[in-house]
Amino acid sequence: MKKIALFFQSKSFKKITLVISVIFIIASFFVALDPRPFLRFGYLGIFVYNFFGTGIVLVPVFSRYYNVILVAFFAALGMSLNDTVSWYAGKTGQIILPPSPRMIRIHDQITRYGPWAIFFWALIPFPFDIIAVAAGYLQLPFWRFLIPMFLGRFVRFILLGSGSIAIWGKIPF
């Protein structure tokens, strides 16, 4: 466990994640413009993409080709598993968050509402890593963090995918 924690703290890990994030963000826009080459990867591709990068741009696009519930499920699962790294870093104390008005508010809301706070934060498009770190730091149990986070993202992606279908329609694949 200590080796894993040291790796997450290393400059190499930070550089690798930065490069991967930039690649996935840039790729998101290219895939959104012409998703046909990416469609062959199916739901597994949606999961992997959301595990390594943010695929929020892709959910409306792929919901037009695939089942919106399954797109939302695999996108939420990938993003949720990605954020467990931040939760773990907070839990092990590998990331120290300086006290600020925002952190105090997050701390108070997690302490007061627990998993419900996680669920509602997962519903909004918000940089969730800081919430995950705070939840880990406050020793919120893993399943009480993961399940509401997944459900919040799942609901958000269903709404996002359904909205894109309502506006632009379904495309037969």
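User: In this predicted model, what makes up the nonpolar surface patch of about 550 Å²?

Analyst: The patch is formed by L18, V22, I26, F30 and L33, and its area comes to about 550 Å². One of these residues, V22, belongs to helix α2, which covers residues 11–33.

User: Why is V22 called partly exposed?

Analyst: The relative accessible area of V22 is 40%, and since buried means under 20% and exposed means over 50%, a value of 40% falls in between, so V22 is called partly exposed.

User: How do you know whether S164 is buried or exposed?

Analyst: S164, which sits in helix α10 (residues 142–168), has a relative accessibility of 2%; because the cut-off for buried is under 20%, S164 counts as buried. Beyond residues up to four places away in sequence, S164 touches P60, S63, R64 and G169.

User: Which residues have the most contacts inside the largest nonpolar core, and which helices supply it?

Analyst: This core has 20 residues, and those with the most contacts inside it are I46, F62, Y66, V71 and F157. At least two residues each come from α2, α3 (36–39), α4 (42–52), α5 (58–63), α6 (68–91) and α10, with α6 giving the most, namely five residues.

User: What is F157 in contact with, apart from its neighbours within four places in sequence?

Analyst: F157 is in contact with I56, V59, A72, A75, A76 and M79.

User: What does the second core include?

Analyst: The second core, which is separate and has 18 residues, includes M103, W121, A134 and A135.

Conventions: Residues numbered from 1 in each chain as written. Predicted model: local features only at pLDDT ≥ 70, side-chain atom pairs only at ≥ 80, totals over all residues. Heavy atoms only, no water. Patch = residues over 30% accessible without salt bridge, like charges linked within 9 Å, V, L, I, M, F, W, Y side chains within 5 Å. Areas by Shrake-Rupley, 256 points an atom, 1.4 Å probe, with all protein chains shown as cover. Salt bridge = Lys/Arg side-chain N within 4 Å of Asp/Glu carboxyl O. Helix = DSSP H or I, 4+ residues; strand = E, 2+ residues; numbered from the N terminus. Buried < 20%, exposed > 50% of the residue type's maximum accessible area, 1.4 Å probe, protein only. Contact = heavy atoms within 4.5 Å. Core = buried A, V, L, I, M, F, W, Y, C linked by side-chain atoms within 4.5 Å.
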